Structure formats: C-alpha cells, structure tokens
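I set out to record how the helices pack, and then to look up several individual residues. These entries follow the order in which I worked.

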Amino acid sequence: MITDLEQVNGHLQSLRINKEKTQKTQALASAKRIVSFSPHPDDSEIVAGGFLAGAVERGAEVKVVVVSDDRMSLTSITRPLPMEEIVALRKKEELEAMSILGIKNVEFLEYTDSEVPEPRRLSRDFMRIMRAFQPDLAVTVDPFLPYEAHPDHINTGRGVMEAVLFHAYPYIMRDAKVNSQAPNLALGASAIPNAVVSIDHTIDRKVTAVLAHKSQWPDPKKMEDRIRKLSAGYGKLEGCGYGEAFKVLLPDEIHVDPFASLP
Ligand SMILES: [Zn+2]
C-alpha cells in the first residue's frame, strides 16, 4: 500500500467530483435513514465514519450492520489470542467505535471472516434488514474497486447492490414486506468517487472511532496520520479541510446503465 500519501495527492485532485448540489450530493446531504454495511468491524468507520457521525448529529437514523466476525485478524496484538477471544474483542472494539460516532443501532451477522457467502445469498439478509429499516441511503464498500481481492468486501458490496436493486420488488422475498422505495447507494473506498462530503466537524471523532479498534493498529499514530492525510486530500476536492469520498449511485443506475461509471 502506498504510504506516502503526498504521492497520491496529485491523482486525488484529478478525480471528477460533482461540485454543485446535484442529486448525488443531495443523496448524501439529505439522507434521513442510513444503513451502512461493513464487511468487517472497522470498515464503516474507515470509509464513512465522518459522514455517519455528521448524519447522526443532524438527526438522521443510522444503523450499522457488521457482516463478518473478523476472526482471521492477524496483527501483532491479535496473533497470540485464541480465535474466540479475537471475535469477542473485535465486537467490543466495534461497539466502542460506534458509540464514539453516536451510533446505537448495530447488528452483527457473525459470518466467518473471509468466508462470507456469495452476494446472491447475502443479499437476502440485507434485503430483510433494509425492508424493515426502510433506509433512503445504503452505504458500503465499492465491490468494483480494481484489484480488490478480499471476498468479504466483494461479496458484501455486491450483496448490498443486489439488495438495493430488488428492494421494492414485492414478489421477491414475499415474507419481507416492502414499505419503502429503494435507497440510494454510497460506495466508499471507490476508485471513481463522484461526491465528497465535508467532515471538518467530525474528523476528530472519526479518528478516535477508527483508533478504538486498538487491536488493529499496533502503530496508532501511523493510522491517524494516514486518515488525516487522505481525508485532507479528499477535502481539497470539496474546498474544505477534510472530506470523505463516495461513488453515489441512484437505484436506476445499477442495472443496464452503460453510463453509471461516469461522475
Ligand atoms: Zn474489511
């Protein structure tokens, strides 16, 4: 991984971001019910922690769903621990991180780390959750990140997209009632983001939340540095100090839309 973030700054500034208040930036700014799906404990904080904390602050309902249990975590801190202790520790750290962001609604699906099911199967869980929660925005990691190899990220991201696609189809999963429209999608850690939100007011909480995953960062200063530098790079795109970037997609853009990858 490139650790010298000065190096990628030039690239960040070349990204094509919607500057005006478009439907896409509005999808983030005006979301009232947000569900964020994390492949592992910590992913929501890393890709969207500042945005989610800001949303809670302005009165939005936020739910976070953690898909896998992170039992394969392999840092110098987790390595000596038995697997069940790692799982318990990762859960504890996640709840602490969430409470720093002001998020109380956290659901753990407890799939085995590195073995989360295929998107088809996973999307059934996600659809059930979304039809009950009725979000207007679903957040997750971009499963089409070029060179992404982690199956939990690919399957979670694609599972969420499939669940959004079929959200409002009453004959698909008849036992989970449809009471809302399909939510918009915000994919974090995207190579082609099209919207940036300012996290000037929440950057400190984001950093504290990510660092609450103490077992993951034997060198917390290094992680903090990385988050601040990267957020500052995205912030420049929006004319603010710190930002988070997303590929925002409207529900009608995720099926047979050859232009969906455009900003
Ligand atoms: Zn992850």
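**Entry 1. Loop residues and backbone angles.** I began with Met173, which is partly exposed, with 17 other C-beta atoms within 10 Å. I note here that the model is a predicted one. Met173 sits in the loop between H6 and S5. I read its phi as near 60 degrees, a positive value in a residue other than glycine.

I then turned to Glu110, which lies in strand S3, residues 105–111. Its phi is also positive, near 60 degrees, and Glu110 is likewise not a glycine. Is Glu110 buried, exposed or partly exposed? I counted 13 C-beta neighbours inside 10 Å, so Glu110 is partly exposed.

**Entry 2. Pro183.** I returned to the loop between H6 and strand S5 (184–188), where Pro183 is located. Pro183 has 26 other C-beta atoms within 10 Å; a residue with 20 or more is classed as buried, and Pro183 is therefore buried. Which residues does Pro183 touch, leaving aside those up to four places away in sequence? I listed Met130, Pro135, Asp136, Leu137, Ala138, Val164 and His167. For Val164 I also took the C-alpha to C-alpha distance to Pro183, which is 6.4 Å across a sequence separation of 19 residues.

**Entry 3. Helix H5.** Met130 led me to H5, where it is one of the buried residues. The others in that set are Leu122, Ser123, Phe126, Met127, Ile129 and Arg131. I asked what the buried residues of H5 pack against. I found strand S1 (33–38), strand S2 (61–68), strand S4 (137–141) and H6.

I checked the length of H5 next. Its 15 residues should span 21 Å at 1.5 Å a residue, and the end C-alpha atoms are 20 Å apart, which agrees. Just after H5, I noted a positive phi of about 55 degrees at Gln134.

**Entry 4. H5 against H6.** Two packed helices are described by the angle between their axes and the distance between the axes. For H5 (residues 119–133) and H6 (residues 151–165), I recorded axes that come within 8 Å and cross at roughly 55 degrees. The two helices are therefore oblique to each other. The crossing of H5 past H6 is right-handed.

I listed the H5 side of the contact as Pro119, Leu122, Ser123, Phe126, Met127 and Met130. On the H6 side I listed Asn155, Thr156, Arg158, Gly159, Val160, Glu162 and Ala163. Sorted by class, this contact holds seven nonpolar, four polar and two charged residues.

**Entry 5. H7 against H8.** I examined a second pair, helix H7 (residues 203–211) and helix H8 (residues 220–238), which pack at an angle of about 145 degrees with axes 10 Å apart. This crossing, too, is right-handed. H7 contributes Ile203, Lys206, Val207, Val210 and Leu211 to the contact. H8 contributes Pro220, Met223, Glu224, Ile227, Arg228 and Ser231. By class I recorded seven nonpolar, one polar and three charged residues.

For H7 itself, I noted Ile203, Arg205, Lys206, Val207, Ala209 and Val210 as buried. These residues pack against helix H3 (43–57), helix H4 (83–101) and H8.

In H8, the buried residues are Ile227, Ser231, Gly233, Tyr234, Gly235 and Glu238. Their cover includes H1, strand S6 (195–198), H7 and S7. I compared the length of H8 with expectation: its 19 residues reach 27 Å from first C-alpha to last, close to the expected 27 Å. Gly239, just after H8, takes a positive phi of about 75 degrees.

**Entry 6. Ser14 and His255.** I located Ser14 in the loop between helix H1 (5–13) and helix H2 (23–29). With 8 other C-beta atoms within 10 Å, Ser14 is exposed. How far apart are the C-alpha atoms of Ser14 and Leu237? I read 9.0 Å, for residues 223 apart along the chain.

I closed with His255, in the segment after strand S7 (243–249). His255 has 9 C-beta neighbours inside 10 Å and counts as exposed. His255 and Val207 lie 48 residues apart in sequence and 36 Å apart in space, C-alpha to C-alpha.

How values were computed. Residues numbered from 1 in each chain as written. Predicted model: local features only at pLDDT ≥ 70, side-chain atom pairs only at ≥ 80, totals over all residues. Axes fitted to C-alpha atoms, helices over the stretch in contact; angles between N-to-C directions. Helix = DSSP H or I, 4+ residues; strand = E, 2+ residues; numbered from the N terminus. Parallel < 35°, antiparallel > 145°, perpendicular 65-115°, else oblique. Left-handed = near helix turned anticlockwise from the far one by under 90°. Contact = placed C-beta atoms within 7 Å. Nonpolar A, V, L, I, M, F, W, Y, C, P; charged D, E, K, R; others polar. Expected span 1.5 Å × (residues − 1). Buried ≥ 20, exposed ≤ 12 C-beta atoms within 10 Å, placed from the backbone.
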